[in-house]
Amino acid sequence: MIFAILGGEMGVSERLGFFFFGVLAFMSLLPQKSERDDLLSGISGGKTRVVDLSYAINDKLVPWPGDKRWFEAQVNATVEKNGYFTRSFWMLEHYGTHLDAPIHFPPGKTTVDQISAKKFFGPAVVLDVRAESAKNADYQAPASRVEEWENKHGRISEGSIVLLRTGWASRWPDARKYRNQDAQGKMHFPGFSADAARLLIARKVSGIGCDTLSADYGASEDFAVHHLVLGAGLYHLENLSDLSEVPEAGAFLVVAPIKLEGGSGGPVRVFAVWR
């Protein structure tokens, strides 16, 4: 086709040159096998790393202070008696590794089952604040910390999921150390600042996450980050397990919450994949 269009008075060698140039240009427009395709295809062969960032659910995890019940399970049928095994369980929506849906805090309105599925897949942005958190249990990651990440790795892309790596997972599941309450019962652990939350909302990320009990720092009384982030239609991932292996940039997250109709949140399985 290209050869015919380039007909006329042009010589054969010139026509061939333009033909091959056109072919190359056309090929550049065809879908290429992307890095993400390689990432996914490499899982079964072990070339792609897959790390589970979720805690297994049981009755020994760290509940929010004041919760009286959080998880119960009972056996309904056994192989010996019934020929098969089943259980029933009851748990809080916000227990263990879980997702906060926007409706959890005003002005958020979206329930967990209404969150768009595409928002559960996105590039992982890891803000490593372990050094700061070790020095200050009340550390609130500022907007400047987000900007430092961008200066190093480039602007945070829309649809990313931003994780705060505080190192607090090393205290899990010791409730005393993890909640880090003082004599007055106030908790002390790191979190996002309101300014950082505003910047991430402006970047149009899908959600934020942390390896602590809350996206807000432990001593917060107004839960500003919850109101801002959930109010903007994003979600939180809380009580993520050890994030130490996940690179600051280059990993991809898969977030799989329970699809609980009308839920303010619920247990979630979170996977980080990278090569």
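**Helix packing, cis bonds and a greasy patch**

Helix H6 (residues 143-153) packs against H8 at an angle of about 45 degrees, and their axes are 7 Å apart. Bear in mind that this is a predicted model.

Me: What makes H6 oblique to H8?
Reply: The angle is about 45 degrees. Roughly parallel needs an angle under 35 degrees, and roughly perpendicular runs from 65 to 115. The value fits neither range, so H6 counts as oblique to H8.

Me: Which residues make that contact?
Reply: From H6 come Ala143, Val146 and Glu147, and from H8 come Asp195, Ala196, Leu199 and Leu200. By class, they divide into 5 nonpolar, no polar and 2 charged.

Me: Why are H8 and H9 called roughly parallel?
Reply: The axes of helix H8 (residues 194-202) and helix H9 (residues 224-231) cross at roughly 5 degrees and come within 9 Å. Angles under 35 degrees count as roughly parallel, and therefore H8 and H9 get that label.

Me: What do the two helices bring to the contact of H8 with H9?
Reply: H8 offers Ala194, Ala197, Arg198 and Ile201, which meet Ala224, Val225, Leu228 and Val229 in H9. That gives 7 nonpolar, no polar and 1 charged residues. Arg counts as charged, so Arg198 is the charged one here.

Me: Which residues make the nonpolar surface patch, and what lets them count?
Reply: Leu40, Ile43 and Val50 make a patch of about 250 Å². Patch residues need over 30% relative accessible area, and nonpolar side chains are joined within 5 Å. Leu40 sits in helix H3 (residues 35-41).

Me: Where are the cis peptide bonds, and what are their omega values?
Reply: One joins Pro106 and Pro107, with omega about 5 degrees. Another runs from Trp172 to Pro173, with omega near 0 degrees. Pro107 lies in the loop between strand E4 (98-100) and strand E5 (121-128), while Pro173 lies in the loop between strand E7 (161-165) and helix H7 (175-179).

Me: What is noted about the phi of Asn180?
Reply: Asn180 isn't a glycine, yet its phi is positive, at about 55 degrees. You'll find Asn180 in the loop between H7 and strand E8 (191-192).

Definitions and conventions
Residues are numbered from 1 along each chain as its sequence is written. This is a predicted model: local features need pLDDT of at least 70, side-chain atom pairs count only at pLDDT 80 or more; totals for chains, interfaces and linings use all residues. Side-chain values use heavy atoms; hydrogens and water are left out. Patches are made of residues with over 30% relative accessible area and no salt bridge: like charges are joined within 9 Å, nonpolar side chains (Val, Leu, Ile, Met, Phe, Trp, Tyr) within 5 Å. Accessible areas come from the Shrake-Rupley method with a 1.4 Å probe; for residues, only the protein chains shown count as cover. A salt bridge is a side-chain nitrogen of Lys or Arg within 4 Å of a carboxyl oxygen of Asp or Glu. Helices (H or I, at least four residues) and strands (E, at least two) are DSSP runs, numbered from the N terminus. Axes are lines fitted to C-alpha atoms, for helices over the stretch in contact, and angles run from 0 to 180 degrees between N-to-C directions. Angles under 35 degrees count as roughly parallel, over 145 as roughly antiparallel, 65 to 115 as roughly perpendicular and the rest as oblique. Contact means heavy atoms within 4.5 Å.
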